Amino acid sequence: MSRYIESIRIEDKKVFLLEYHQKRMDEVFRSDARENPFQLKELFQKLEVDERGLFKWRIVYDTYGFIQSQLIPYAVNICEDFELMDARHVDYHFKFEDRKALDLLKEKANADEVILFKHGNITDTSYSNLIFKKGQQWYTPKYYLLNGVMRQFLLDNNKIKELDIHLKNLGEFSHFQLINAMIPFGTQEYPIEKISNLYQAKTLDI
């Protein structure tokens, strides 16, 4: 039986993107032909958030009625370097609690974090979606392992655009950012040269 997670940003007692998290949970239940009995708004109202600051509200659940949550103080991790890694065998279309395949790719890398690709198409990192800068416009890869809530929020609000981003054209971008529910747009911007094997990118998908 699969378990799933939601990682929800709470800052200064305010919750963020709750309707996007609710929609994703509902989709998980629908995929199992079940109705979601959990309403995140109601759960948040019962949650005791006594301190100001940044927290991850981590919810673990399954489609048979199990749910568990905890509040964890959160700080954004700044990565020193990144490595392109082939993830063609990875299936992470829902936010599964089981992340073994992603963790294994990260363990194999000679960098702080991995930038994943499938059949040459850039997708995500091991824990976030990506956006890339060309000129003054930010783009997110059209292909992804998981359509994260922050990615969808930024698309819905015309902050970013979708684009085919491939190993062959990755060098055309100047900077990139990691985005997810805990890492909003503008948190940390990396120059494209932070990808350690960028100049081998065109030969990686063979």
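In what order do the 4 strands of the open sheet with antiparallel pairing stand? The legends below take up this sheet and several other close-up views of a model that is predicted.

**View 1. The open sheet of 4 strands, with its edges.** The strands follow the order E2-E1-E3-E4, and their pairing is antiparallel. Because E2 and strand E4, which covers residues 67-73, each have a single partner strand, they stand at the edges of the sheet, and one side of each is left without a neighbour there. Helix H1, formed by residues 18-31, packs on this sheet and touches E1, E2 and E3, while its direction makes about 170° with that of E1.

**View 2. Strand E1 and its two partners.** Strand E1 spans residues 4-11 and is mostly covered, since 7 of its 8 residues are buried. Towards strand E3, which consists of residues 54-61, E1 is joined by 8 bridges, and the two strands run antiparallel; among the residues paired here, tyrosine 4 has tyrosine 61 of E3 as its bridge partner. Towards strand E2, made of residues 14-15, E1 is joined by 2 bridges, again with the strands running antiparallel. Isoleucine 10 stands opposite valine 15 in E2, and isoleucine 10 also stands opposite phenylalanine 55 in E3. Strands of a sheet pair through backbone hydrogen bonds, either parallel or antiparallel.

**View 3. The hairpin of E1 and E2.** In this hairpin there are 2 residues between the strands, and aspartate 12 takes a positive phi near 50°.

**View 4. The surroundings of serine 7.** Is serine 7, a residue of strand E1, buried or exposed? Serine 7 has a relative accessible area of 11%, and because the cut-off for a buried residue is under 20%, serine 7 counts as buried. When residues up to four places away in sequence are not counted, serine 7 touches His21, Lys56, Trp57, Lys95 and Ala181.

**View 5. The open sheet of 5 strands.** A further open sheet has its strands in the order E10-E9-E8-E11-E12, and here the pairing is mixed. Its edge strands are E10, with residues 161-163, and E12, with residues 190-191, each of which pairs on one side only. Within this sheet, strand E8, covering residues 129-134, and strand E9, covering residues 137-141, run antiparallel and are joined by 3 bridges. Lysine 133 stands opposite tryptophan 138 in E9.

**View 6. Helix H4 and the elements it packs against.** Helix H4 comprises residues 149-156, and its buried residues include Val149, Met150, Arg151, Leu154 and Leu155. The buried residues of H4 pack against helix H1 as well as against the strands E8, E9, E10 and E11, the last of these formed by residues 175-179. Just after H4, asparagine 158 takes a positive phi of about 60°.

**View 7. The cavity and its lining.** How many cavities of 30 Å³ or more does a search of the whole structure find? The search finds 1 cavity of that volume or more, and the largest cavity has a volume of about 40 Å³. The residues that line the largest cavity are Val76, Asn77, Tyr127, Leu178, Ile183, Gln188 and Tyr190. By character, this lining divides into 5 nonpolar residues, 2 polar residues and no charged residues. Rolling a probe the size of a water molecule over the atoms shows where empty space is left.

Terms used. Residues numbered from 1 in each chain as written. Predicted model: local features only at pLDDT ≥ 70, side-chain atom pairs only at ≥ 80, totals over all residues. Heavy atoms only, no water. Buried < 20%, exposed > 50% of the residue type's maximum accessible area, 1.4 Å probe, protein only. Pairing = 2+ DSSP bridges. 1 Å grid on protein atoms, 1.4 Å probe; cavity = no way out; pocket = protein on both sides within 12 Å on 5 of 7 lines; lining within 4 Å. Points joined across faces, edges and corners; volume = space filled by probe spheres on them. Nonpolar A, V, L, I, M, F, W, Y, C, P; charged D, E, K, R; others polar. Contact = heavy atoms within 4.5 Å. Axes fitted to C-alpha atoms, helices over the stretch in contact; angles between N-to-C directions.
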